[in-house]
Each structure stands twice: as structure tokens, then as C-alpha cells.
Amino acid sequence: MSYIEPIAKSSTSNWPGSLLNIFLDAVFPPKCLVCNRLFKPATKRFGNEQRPNGAIEITDPFAESYRLLTFFCCSDCINAFVAISSPMCTCCGIPFKSQQDQDHLCGDCISRPKKFRLARAAMPYDQQLMAVIHRFKYAAKTQLARPLGGLMLSVFLRQWEGEKVDLILPVPLHRQKIRSRGFNQSYLLIHGWKAVAKAMHISLSDIPIHTDVLTRSKATVAQTGLGRRQRLKNVKGVFSLRFPEKIYGKTVLLVDDVYTTGATVNECARILLKFGAVRVDVLTMARAI
Ligand SMILES: [Zn+2]
Ligand SMILES: [Zn+2]
């Protein structure tokens, strides 16, 4: 199944880069959402190169999604981002140090098989990305959702192109957490995919996002700082499922912001498979290494 088709070049006025925004940027230079310094955003419209015969050529979606960042972050910060690439574990997606290696199962996935089929992430969870995600989640810099979501979209297009994904489920937060933070970061990361794809001159076919199927019925302590065993214990029995008919016989893509030990997404996958999902895959923004 193909999720992308090129569309004719059209106005992307809902994106930075429109005339009004270029004018506003000149009068009020934006601050980099990562380091907070003033910077000069890119003025060149992003998009795929137009060939002389008028056909649109789809260039590398990852490069395109990188270009989206130039409207929000300074070039120093963007250059510090690194993408995850092969060789990596075929299941959990952890990249291997040796560049000579082929993709294969890592020791952890051999000794502790995962419930999900595979997990992929856009970037390693290094200090730089941690700072960005913290600004996004805890300083409510929700403008970051689209450029970060764009990086995830490019991984999705690369990894799942030609595959069937029936629905997307963001990993849920407990309602207390939603109330205090005001948003579910996992949902925000993907909910702008259509607009991001449009800015990349790609028409993305509709994949339903369900936020009412998986619920977090117990508030848990933050996983940060917990060991692997504690994390497993912390998420056990935390999630429950409503409307099992929505996932029965379906291929599901779980979306989260950070993959640390995989305990959270593995627990979600366990429940989804128990209630009849045929396959669960995972996509995250960041991957702890
Ligand atoms: Zn910066
Ligand atoms: Zn693995």
C-alpha cells in the first residue's frame, strides 16, 4: 500500500514561508526553539524540485522534513541532529556501532522477544534531542510538534511504504497528566502529518488516528530514572482497551515520543494483540541508545 502521491505545487500559506510570515520574520526575527537565540529562518520555499517538463520529483522525504526544521531552529541546532540509520536491530531498531554490520536481531530482542513486530525512531535520544523534547513537552513549545512530526513522517514513509497500516494509536497519558500538561505529545506529533505532507508536496492517504481505544487507567510515576525491571513493573496493568472491535483484525501503528526500554509500547502491544490486532508496529520520535 502506498501512502504517498505527488501533488501539484500549491500554496503552503498555512506554513511559515508564506509572504506574511517572511515579512513578520524580518520585523520580529524568530527565536530558535531549541537554543532560544535569534536566527534568520530560511526564506526559500521547501518542496520537491520541479523538473523542466513540470513533473514533480519526490526527493528524499527525510531531507524534506529536515528542511521544515529550518523555520523553527537555527542552523547550529539543526546540524547537531543526527538521523538513525542502518545497521540496526530488525526488531527494536537500536542502531549498531559497527558500520560494517547488516541489520539483525540484537541480543535483547533474542533473549526477550518483543510483542510488537518492529520499532523505528527518527533520532537517537541524545542531549540535544532531549532538550528539544523537554521544551516541547514541559515548556509547551507545541510549535515543535510539526517539524518533529515531520521527521517521524519521513521515517514512516521510508519504513512502512508498501505495507498496510490500518490505524494509528498514540500511547495514551493518564487523564490527570493530560489535564496538567494540556496535551498528549504523542498525539500532537502525528496529528499534523497531513499538513506536513502538504508542505513536502506529498498527498498522504488517510490513516485513522484513534485516541479513545487505548487508555491509561492508572497514573504511574515517570519512567525516567527507573531501571528496566522497575519500568516493566511500572507499566504492568496500566493500560486498558475500549472498543476492541476497532482493532480486531487490524494492523496497528503505536506512536510515542521516546522509546527507552520499550516497556511501555511492549505492554500496549501485548494488550492490542490480546484483543485481536494482527500486528503492532511502533514509531517514536527518539530512541534511547
Ligand atoms: Zn538553535
Ligand atoms: Zn532489538
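A residue counts as buried here when its relative accessible area is under 20%, as exposed when over 50%, and as partly exposed in between (1.4 Å probe, protein chains only). By that yardstick, cysteine 92 and cysteine 109 are both buried. The model is a predicted one, where local features need pLDDT of at least 70, side-chain atom pairs count only at pLDDT 80 or more, and totals for chains, interfaces and linings use all residues. Residues are numbered from 1 along each chain as its sequence is written, and side-chain values use heavy atoms, leaving out hydrogens and water.

Those two cysteines belong to a zinc site. Cys89 (SG), Cys92 (SG), Cys106 (SG) and Cys109 (SG) are the protein donors of the zinc ion (ligand 2), at 2.2 to 2.3 Å from it; donors are N, O and S atoms within 2.8 Å of the metal (3.2 Å for Na, K and Ca), and since water is not among the atoms, sites may look incomplete. Along the chain, the spacing of these donors reads C-x2-C-x13-C-x2-C. Cysteine 92 sits in the loop between helix H3 (75-79) and helix H4 (107-111), and cysteine 109 in helix H4, so the pair ties together parts 17 residues apart in sequence. Helices (H or I, at least four residues) and strands (E, at least two) are DSSP runs, numbered from the N terminus.

Then there is the sheet: 4 strands, open, in the order E2-E8-E7-E3, with parallel pairing. Two strands pair if DSSP finds at least two bridges between them. Strand E2 (119-124) and strand E3 (167-170) are at the edges with a single partner strand each, so one side of each has no neighbour in the sheet. Strand E7 (residues 251-259) and strand E8 (residues 279-287) pair in the parallel sense over 8 bridges.

Methods: Chains are lettered from A and ligands numbered from 1 in the order in which they are written.
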